[in-house]
Amino acid sequence: MEPEQPPLELQETRAAEEPGPAEPPHRHPVRLIVRDDLRRSRLTVFFRALLALPHLVWLVLWGFAAWTAAFANWLAVVISGETPTTFHGFLGAYVRYTTHVYAYLLLAANPFPGFTGKPGYPLDIELDPPARQSRWSALVRLLLAVPALVIASVLAPVTGVFGGGVLLVAAFLAWFTALVLGRVTPGLRDLMAYGLGYTAQAFAYSLLVTGRYPDSDPDAMLTRSSAPRHPVRLSFDDDLRRSRFTVLFRLPLTFPHFVWLTMWSAVAYVAAVANWLVALVLGRSARPLHRFLAAYVRYASHVSAYLFLVGNPFPGFTGRPGVYPVDVEIDGPGPQRRLVTLFRLVLAVPAFLVYGTLSAVLAVAAFFAWFAALITGRMPRGLRSLGAFAIRYGAQTTAYWVVLTDRYPHALPTTRIQTPDAAGREAAPA
Amino acid sequence: MPGDLELRNLRLRDYFSPRQLDRSEDYERFFRIEFVVSQVALVVALALYAWRGARFARESAAGRIGTGMLLGMLGLAVGWLSQLPFRVVEVWWQRRYDILDTGYVDALVDNWLVLGAEFLSICLALLIVMGFAGLFPRNWWLPAAPVFVAIGALLAFTLPYLGDTERLEDSALRANARQLARELDVEGIPVDVEEVSDETNAPNAYAYGLGPSRRIVLWDTLLEYPDDEVLVVVAHEFAHQSRDHIWKSLGWYALFAFPGTYLIARFTRRRGGMAEPAAVPLSLLVVVMLSLAALPFENAISRHMEREADWVALDATEDPEAAQRLFRRFTRDALAQPDPPEWSSALLDSHPTIEERIAMAIAWQDRRRGP
Ligand SMILES: [Zn+2]
């Protein structure tokens, strides 16, 4: 019942054939490596938080040393424009070790990590050798790093502020999954890997290990992941250009859509109940209800894409497909398992939890993107892709609970889709 | 109000200290200039928007009406931006004269929320206009105008239920107010208090609602005045209700709505008519020009009703002394200039001048004493 990761060879050829639209022009000097096989030992999972305690203590001690070294490193980079090799090695190891510890704590990896940050852990960080950095950027680095650190804090609990909701919820769900199944789902694992990878990039940038800004584009982070084909898919045809004037007034411009969406939601809830009853009896949703609810899901996605700057143009009020550049494709009514339908709302609770935290990410990303778009007239690609992921997950969650599909939303943040033969088996709830 | 009423010329120095006269004159002169400049800025901004604004249609993925809504909201945003510096200057000026207590940030945030409400209103208005214009490209205004009037009536009816006010608590004042209501045939209309003292020191009151939602509202800043003066205000507001001024205002609104919407339809024809989103930017300019043109008429109508309310209040309270003291306070506390330039009161003032209001109280006294 569990999909294994598709064979790596297959993924790599696909990636070579079709470099995703979000493939960065240059690879990031701080890269995430995932060699994890999803298996978890139930015993260590059960006691995971306790088992991680020595690492957390050691990490605090290492943290003092690292931030002291970072200060020296900062002086060195401001003066010479380059990180001395010693600092690069030490701080790089600190970034790696932090990633290992949190990967272990949050169940994104299985084995007990070593205490030295040596490369080779199943969830690892690969670093390029030191490169020249702009001294001006180094001078005000902590200031420049604030948006990245805030986004990292909302994603992962590593910085200790804002709670790191996304990964905490993912770890909470992974804990139960691993205890029951002895493994975690690829969706949860990759969601956590993504959050940890982004945090590592944000740390490496703040500590001046690299001069490259963190890239929040999930496809660039998770180069080897692809998701099974889902009946609810997000497509975006967006050139990142943003109109400064509508960006400035984006929130009030969305007000009429809030009003309309609220009214539409009220009707959609009733329609969802009707659709639920139909699916219970017929084993599939009724075509008119399906069409209506699909339009509702699309419309809601258009509105949040507009509000959160993932899309540029003002959306229409009808949820018509193929008009908005950030669009949701929804397959027609298919058979749905009656048992899954019966307990639909209960089953949707984990997805609601994940989506709740992802919407915080969406809002924070939009907050920073708002300034960027206002100044440059462009949406940063990474933030756009991160936002698109959150919107896609939201659309899949809604589609699930309004009984448009019985396929669970998948938490895997990538837009790459597996070939049919690789995704032949049913996807697990993620 | 008797038609043959003749008001005496007052010697203002008998009523106000030279300092009060100077201060209110300085205070209000600024607003007159500011008003003219801000309206020029608004018209210029909207003229530019009418000229180039239709380009923003490419920022829309919505249909005909949705795109029109976007253009309408952006037009309001342009207008809002053009007025922003004036809002800041107004706050500065009012704070300088201790009329306003709010900070700049608060004032701008409030302003921003108001903008949100305006965005929603213009979307509704454009939905009506562009919806009808899709069906009747030339004559949409015929069905649209009654809908606007109906919405106006609906708003007039519901606003009191949405307002953030509380019942008047002072029992002595309430008993006297009930007495006045009985005299003016508006028994059962409640007296509410609105808390504004955190933001402003200026006194004010208003009457609103239709039928069962009718009520009058006093700002809590007014309650610091002696009871007999507050009762003059209460009587004035009750007079608005007993003389059906809200219905009459709606009637006037209806009278303006038909020619107004017709003119909008007429002027936007060369942009393809109101069925086209491209006509929306121009229509905003037309609306602003028309309301500026209508302002003197509106104010003349309003002043007429205010005079009537003052006179009815004098009849009801039979206390011209209190009325005079009250009006003098408006100059002292709210810095209302007693004798603004004639062009200004004719074009811009919705109420009679303080000088006129005091003179009316005296005229009432004279009549009572007999010739
Ligand atoms: Zn009045």
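Here is a short chat about the zinc site and helix 5 of chain B in a predicted model.

Guide: Some ground rules: local features need pLDDT of at least 70 and side-chain atom pairs 80 or more, while totals for chains, interfaces and linings use all residues. Residues are numbered from 1 along each chain as its sequence is written, chains are lettered from A and ligands numbered from 1 in the order written, and side-chain values use heavy atoms, leaving out hydrogens and water.

Visitor: What makes these atoms donors of the zinc ion?

Guide: Donors are N, O and S atoms within 2.8 Å of the metal (3.2 Å for Na, K and Ca), and sites may look incomplete since water is not among the atoms. NE2 of His236(B), NE2 of His240(B) and two OE atoms of Glu306(B) lie 1.9 to 2.8 Å away, so they count as donors.

Visitor: Why is the arrangement called irregular?

Guide: Four donors are tetrahedral if all angles lie between 85 and 135 degrees, or square planar if opposite donors are over 155 degrees apart and all others between 65 and 115; anything else is irregular. Here the angles run from 51 to 138 degrees, so irregular it is.

Visitor: How do you know that the span of helix 5 of chain B agrees with the expected one?

Guide: The expected span is 1.5 Å times one less than the number of residues. For the 13 residues of helix 5 (171–183) that gives 18 Å, and the end C-alpha atoms are 19 Å apart, which agrees.

Visitor: Which residues of helix 5 of chain B are buried?

Guide: Leu173(B), Ala177(B), Leu180(B) and Ala181(B), buried being under 20% relative accessible area (1.4 Å probe, protein chains only). Seen down the axis, they fall within an arc of 100 degrees, so they line one face.

Conventions:
Tetrahedral: all angles 85-135°; square planar, octahedral: opposite > 155°, others 65-115°. Helix = DSSP H or I, 4+ residues; strand = E, 2+ residues; numbered from the N terminus. Buried < 20%, exposed > 50% of the residue type's maximum accessible area, 1.4 Å probe, protein only. Arc of directions from axis to C-beta.
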